[in-house]
Amino acid sequence: ISQSSALDSTVGGKRRKIAILTSGGDAPGMNASVRAVVRASIIRGCDAYAVHEGYQGLVDGGDMIKKMGWDDVQQYLSIGGTVIGTARCKAFRERWGRLKAAKNMVKEGIDALIVCGGDGSLTGADLFRAEWPDLLEELVKTGELTDGEAKAFAHLNIVGLVGSIDNDMSSTDITIGAVTCLHRICESIDSISSTASSHSRAFVVEVMGRHCGWLALMAGIATGADFIFIPERPPSGENWQDNMCSEIKRHRDLGKRKTIVIVCEGAIDSNLNPITAKDLMDLLTDRLHLDTRMTILGHVQRGGTPCVFDRNLATMQGVEAVEAVLDSRPDTPSPLIAMCENKVVRVDLMKAVEKTGEVAKAISRKDFNTAMKLRDPAFNQQYDQFIATTLSKNIEQSLLTDDKTGASLRIGIINVGAPAGGMNAAVRAAVRYARNRGHVPFAIQNGFPGLIAGQVKEMHWMDVDGWIAHGGSELGTNRDQPSLDLGMVSYQLQKFNIQSLLLIGGFEAYTACLEMYHARDSYPAFCMPMVHIPATISNNVPGTEYSLGTDTSLNAIMEACDAIKQSATASRKRVFIVEVHGGKVGYLAVMSGLAVGATSVYIPEEGISLSRLQKDVNHLCKRYGEDAEGKTQGRVFIRSEAASKTYSTDIVSAIIKEEGHQQFDSRTAILGHIQQGNSPSPLDRVRAMRLAVCAIDFFEEHSGNASSSSSVASNTSTQGPSVYVKDPESIAVAGLQGSNVVFRAVEVLQKDTDMKNRRPTQSWWMDYKRVCNLLARRTELL
Ligand code: ATP
């Protein structure tokens, strides 16, 4: 979304009329896409229309197609479902229905339609476009349209946005609404878990997903479920019931008090027979005599306010959809706005719809490998990782007896820096996966001071039970560096014969890695593989797009800002200056600003100046001046804590209050440590597992490269670790880049790091800032 295109106000001198409709099942975030489409259309000099009740509104026409103004979508970001309504419209499936829809569109003068819905809605949209010339011809023949009208609307622009909680559309990594739905599922299963534990019960939980197991898989990972059932990968073998029961029994034998089985509504066995929640409940009751209950989550999953991820996804995609309309030519295929490799992109709508249909076809011919391959690569990797971090049969003996294989590694795990959501989930996954691979994980408690004091403890399978949902740091964390006492750090690592070190934490964990890397010549104990999993709400570690904890924090900020905005709206004409964390990085401010519809966002990368404050005051005077009846909602400014030394939150608020001259008022809200959030968000939990498993794989790979004189060996080394590696690549940050986990050596990352300001040199999220300004009508800031 380029700066220049955002400023361009007309296209070919013609004022376009762009309509949006929401169709199929409602999905949280649809309103954010409507808001973005409406506002981006207006900014680009077009008229914006909302078609109410999905395709039904198009078929019925009249009042169902409404022109939208800038302020009509004011409250949309925080509202679940779809304000403009959705429907499953039979008439649109028939040609006569589409004929009526075509006539209504031409009569309204609408030449572009943005459809937000699932694969059915998008199939209908593409069919509509393909039939458009024939439909117009027929309408001219029957005298319902004139020749001139038909000629003026010879070409119909269709753009698709995928609003679907199932995440079942191919060609996009994620769909609007899926992550919010995952939030609802995880909240529900977390609640169920506490009662299950109390009564030592089993629960079978059914989640949505007719042909797609994304929700069930992600919920399984995020809640630490014992077993999951998804359509793309049915349980193997005829006797899967025996396998499930023996696996769950093993968990119980290890001491688990609760059992959670997640079944997706489209789950099947390898002969395509449905597997229902009731079947599974009966199985657990009859075979294992567990007190088993069943919960069908149903429509709870669709409800509620969208999470930050969905608000921002829908917003970015909505803006891009308008750009796609303006770029389209008669010969360009209808685009679908997708998310690939963490970037908003356009793909061919019809190809995406076809590819989506192939999954169901592959399943119906029992070609489950193809069905899995048709999902995105992360889906496959995460499925394998879920299995690998959940107890499995072939490692039963090593788990129950702590039997170690010859090539086992002694892996130290330490938290460094401030707490961040997902730290415990990462430790849990690392411990369980390491155990499954025959390694011995050790918890290093209370950061480097704890290590110096020898607070090192072997970790077992059950030691991390339940940690997935815990916020904070169970191991204990602080900001101290190894340089506190490099000699003792080295001594303790040697004493416990730690052969690989996993650091989970913020920028301090990164600098700790650098300290140990640079001290390798003096301290051979540091000559082992080390991985840093970034975990900090500030998102200031180089080498990754997302740190653990950022998503949890953003949702905490969003909830606070929604409440603040409500208060500001009720008080009329009040502007809140909300101060957020983030160190010298504006990520939290920008992403939360976009999610709550902030009027202004101040970030350290840009600073605050008098001229900027003047622009903000001018904007407020103009906007409140236009609103004589006092209908406008309250406004929120987000100020990153380190945006300016001079213009503090109090000073910015005082200036706005003073300059408001009774026209508007100002208050401050400093969010402080509530931004660390409580229980980690599902995305942070899922990311934690992914990074932790990849980190253990990294250790295996790099220990395998250990020099022959000192490869994986005894526990009695006195000179250095029994795994001796010194190559720079062996100390790395595990980063999320696009849809991949990428390891980059800390030594190499130094050139991408602004050490003075403790942040990466590049900020990949600056486009989000531009869109935030755009949708707040702040084109003067672009
Ligand atoms: P969800 O994933 O939530 O079910 P969806 O968009 O797939 O969403 P559908 O019920 O399949 O939901 O489709 C919604 C509407 O789109 C239908 O009611 C119908 O109006 C239209 N539609 C779907 N398929 C077609 C088609 N093949 N031809 C014309 N219109 C269609």
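In this predicted model, helix H6 contributes six residues to the shell around the ligand, the largest share of that shell. Helix H6 spans residues 119–141, and helix H4, spanning 90–93, likewise supplies at least two residues of the shell. Of the 17 residues around the ligand, the nearest are Gly24, Gly25, Gly118, Gly120 and Gly124. By class, the shell comprises four nonpolar, 10 polar and three charged residues.

Attention may now turn to the sheets. Strands of a sheet pair through backbone hydrogen bonds, in either a parallel or an antiparallel manner. One open sheet consists of seven strands in the order E14-E13-E12-E15-E16-E21-E22, with mixed pairing. Its edges are strand E14 (456–458) and strand E22 (740–745); each has a single partner strand, so one side of each is left without a neighbour in the sheet. On average, neighbouring strands of this sheet are turned by 25° against each other, direction ignored.

Within this seven-stranded sheet, strand E16 (residues 530–534) pairs with strand E21 (residues 731–737) in the parallel sense, over three bridges. His532 has Val733 in E21 as its bridge partner. Helix H20 (residues 507–518) lies across E16 and E21 as well as strand E12 (410–416) and strand E15 (500–505), and H20 runs at about 150° to E15.

A further open sheet has four strands, arranged E18-E19-E17-E20, and its pairing is parallel. Here strand E18 (600–602) and strand E20 (665–670) stand at the edges; because each has a single partner strand, one side of each is left without a neighbour in the sheet. From one strand to the next, the twist averages 20°. Strand E17 (residues 574–580) and E20 run parallel and are joined by six bridges. In this pairing, Phe576 stands opposite Arg667 in E20.

Helix H24 lies across three strands of this sheet, namely E17, strand E19 (635–640) and E20, and runs at about 165° to E20. H24 also has a helical neighbour. Two packed helices are described by the angle between their axes and the distance between the axes. The axes of helix H23 (residues 610–625) and helix H24 (residues 649–660) come within 10 Å and cross at roughly 45°. H23 and H24 are therefore oblique to each other, and H23 passes H24 in a right-handed crossing. On the H23 side, Leu613, Val617 and Leu620 meet Val652, Ile655, Ile656, Glu659 and Gly660 in H24. The contact of H23 with H24 thus divides into six nonpolar, one polar and one charged residues.

Terms used:
Residues are numbered from 1 along each chain as its sequence is written. This is a predicted model: local features need pLDDT of at least 70, side-chain atom pairs count only at pLDDT 80 or more; totals for chains, interfaces and linings use all residues. Axes are lines fitted to C-alpha atoms, for helices over the stretch in contact, and angles run from 0 to 180 degrees between N-to-C directions. Angles under 35 degrees count as roughly parallel, over 145 as roughly antiparallel, 65 to 115 as roughly perpendicular and the rest as oblique. A crossing is left-handed if the near helix is turned anticlockwise from the far one by less than a right angle, and right-handed if clockwise. Two residues are in contact if their C-beta atoms, placed from the backbone, lie within 7 Å. Ala, Val, Leu, Ile, Met, Phe, Trp, Tyr, Cys and Pro count as nonpolar, Asp, Glu, Lys and Arg as charged, and the others, Gly among them, as polar. Two strands pair if DSSP finds at least two bridges between them. A residue is near a molecule or strand if its C-beta atom, placed from the backbone, lies within 6 Å of it.
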